[in-house]
Amino acid sequence: MSVSIKSAREIELMRAAGKILAKVHENLGKELKEGMSTLDIDRLGDEIIRSYGCIPSFKNYNGYPASVCVSLNEEVVHGIPTKKRLIQEGDIVSLDIGVIYKGYHSDAARTHGIGEISEEAALLIERTRQCFFEGIKYAKEGNHLHQISNAISAYAESFGYGVVRDLVGHGIGTHLHESPQIPNFSQKSRGVRLKAGMTLAIEPMINAGRFDVEWLSDDWTVVTQDHSLSAHYENTILITSGEPEILTLQEGETDGY
């Protein structure tokens with residue numbers, strides 16, 4: 001498996017793409033409110049992305065029709081925005097967004113609560129976020145990829161959550177999806193050895209119930225089979241000779257490790 005090592009110039013472009021995407025998430029997250037349609041969210045997200053001189057990574061990617069994946073409640077990922085779907089008080093909304101800046105992609109996801117949400121939902125969102133930070137404790141040069149996977153899985157499963165197995169994280173750079181695949185569930189094989197200059201999109205997708213998922217008839221939207229809530233948290237990171245660098249962390253957003 002060949003994993004691209006980014007040059008100093010490429011790393012600077014990846015950093016710029018990541019900073020822009022962090023701002024997109026910050027700006028779009030502030031606008032979420034009861035009564036918005038998921039299409040409203042997508043249109044606003046597209047406008048914000050383009051205002052930074054970027055191209056939406058997801059628009060028309062393998063036929064996906066939108067710029068922002070908007071997934072509600074039991075939807076895990078790849079929800080297709082529509083004017084018929086309105087977000088309501090108590091919903092949780094996952095926004096998965098990618099941008100292309102001067103030919104380089106960044107990819108990140110956040111799950112938001114709308115108004116007053118249940119304690120179960122709030123804990124799921126926070127613990128899914130922490131899964132990412134538990135994983136990247138091992139995102140260091142010389143370690144193996146699946147040390148990240150195992151740490152994510154162990155943390156999530158300690159709460160009885162289901163770790164989605166049908167979808168994984170990935171390498172990222174001049175292509176949205178590059179090698180290697182990065183599972184969030186525990187692995188027996190060690191996986192690739194991490195090297196400085198690798199850029200990875202690590203994205204725990206965690207269900208409040210079982211890990212089983214299915215695709216809806218639109219062939220995109222992934223939902224939990226048991227209709228339990230699902231949360232998603234993702235950042236693009238850079239492997240360095242020391243601690244990993246999170247390229248898409250929002251300003252004022254504390255790291256969790």
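# A tour of the predicted model

Select Y155 to begin: at 22% relative accessibility, Y155 counts as partly exposed, because buried means under 20% and exposed over 50%. The model on screen is a predicted one. Y155 sits in helix α4. Leaving out residues up to four places away in sequence, Y155 touches R127, Q130, C131 and E134. For a sense of distance, select N73 as well: N73 and Y155 are 82 residues apart in sequence, and their C-alpha atoms are 21 Å apart.

**Stop 2: helices α3 and α4**

Now select residues 119–136, which are helix α3, and residues 145–157, which are helix α4. Two packed helices are described by the angle between their axes and the distance between the axes. Here the axes come within 8 Å and cross at roughly 145 degrees. The crossing of α3 and α4 is right-handed. Which residues meet at this crossing? From α3, select R127, Q130, C131, E134 and G135; from α4, select I148, A151, I152, Y155 and A156. While C131 is selected, check its surroundings: C131 is buried, with a relative accessible area of 1%.

**Stop 3: helices α1 and α2**

Next select α1 (8–31) and α2 (38–51). At what angle do α1 and α2 pack? The angle is about 150 degrees, and the axes are 10 Å apart. This crossing is right-handed. On the α1 side, the contact is made by V24, N27, L28 and E31. On the α2 side, I41, L44, G45, I48 and I49 take part.

**Stop 4: the nonpolar cores**

Keep I41 selected and add L95 and I97. These three touch the most other members of the largest nonpolar core, which has 36 residues. Elements giving two or more residues to this core are α1, α2, β2 (68–72), β4 (92–101) and β5 (104–113). The largest share, 9 residues, comes from α1.

Centre the view on L95. Apart from its neighbours within four places in sequence, L95 is in contact with H25, L28, L32, I41, V68, C69, V70, A108, A109, R110 and H112. There is also a second, separate core of 31 residues. To find this second core, select I125, L145, L229 and I237, which are among its members.

**Stop 5: C54**

Select C54. Is C54 buried or exposed? C54 counts as buried, because its relative accessibility is 4% and the limit for buried is under 20%. C54 is in no disulfide, and the nearest cysteine sulfur, that of C69, is 17 Å away. The structure as a whole holds 0 disulfides.

**Stop 6: H232**

Move to strand β13, residues 230–232, and select H232. H232 is buried, at 2% relative accessibility. Show side chains and select E203 too: the side chains of H232 and E203 make a polar contact (2.8 Å). Beyond four places in sequence, H232 is in contact with several residues, including V76, V77, S94, D96, T128 and M205.

**Stop 7: T221**

T221 is in the loop between β11 (213–215) and β12 (222–224). Although it is in a loop, T221 counts as buried, at 3% relative accessibility. The side chain of T221 makes a polar contact with the side chain of D218 (2.7 Å). Not counting residues up to four places away in sequence, T221 touches E75, V77, H78, G79, I80, E214, W215 and L216. Add L86 to the selection: L86 and T221 are 135 residues apart along the chain, and their C-alpha atoms are separated by 16 Å.

**Stop 8: backbone exceptions**

The last stop concerns the backbone. Most residues other than glycine have a negative phi, and most peptide bonds are trans.

- Select P180, in strand β8 (residues 178–182). The peptide bond from S179 to P180 is cis, with omega near 5 degrees. P180 counts as buried, at 1% relative accessibility.
- Select N62, in the loop between β1 (55–56) and β2. N62 is not a glycine, yet has a positive phi of about 50 degrees. N62 is exposed, with a relative accessible area of 65%.
- Select H227, in the loop between β12 and β13. H227 is not a glycine either, and has a positive phi of about 65 degrees. H227 is exposed, with a relative accessible area of 61%.

Note on methods:
Residues are numbered from 1 along each chain as its sequence is written. This is a predicted model: local features need pLDDT of at least 70, side-chain atom pairs count only at pLDDT 80 or more; totals for chains, interfaces and linings use all residues. Side-chain values use heavy atoms; hydrogens and water are left out. A nonpolar core is a set of buried Ala, Val, Leu, Ile, Met, Phe, Trp, Tyr and Cys residues joined through side-chain atoms within 4.5 Å. Buried means under 20% relative accessible area, exposed over 50%, partly exposed in between (1.4 Å probe, protein chains only). Helices (H or I, at least four residues) and strands (E, at least two) are DSSP runs, numbered from the N terminus. Contact means heavy atoms within 4.5 Å. A disulfide is a pair of cysteine sulfur atoms within 2.5 Å. A polar contact is a pair of N or O atoms within 3.5 Å; within protein, one must be able to donate a hydrogen and the other to accept it, and residues adjacent in sequence count only if both atoms are side-chain atoms. Axes are lines fitted to C-alpha atoms, for helices over the stretch in contact, and angles run from 0 to 180 degrees between N-to-C directions. A crossing is left-handed if the near helix is turned anticlockwise from the far one by less than a right angle, and right-handed if clockwise.
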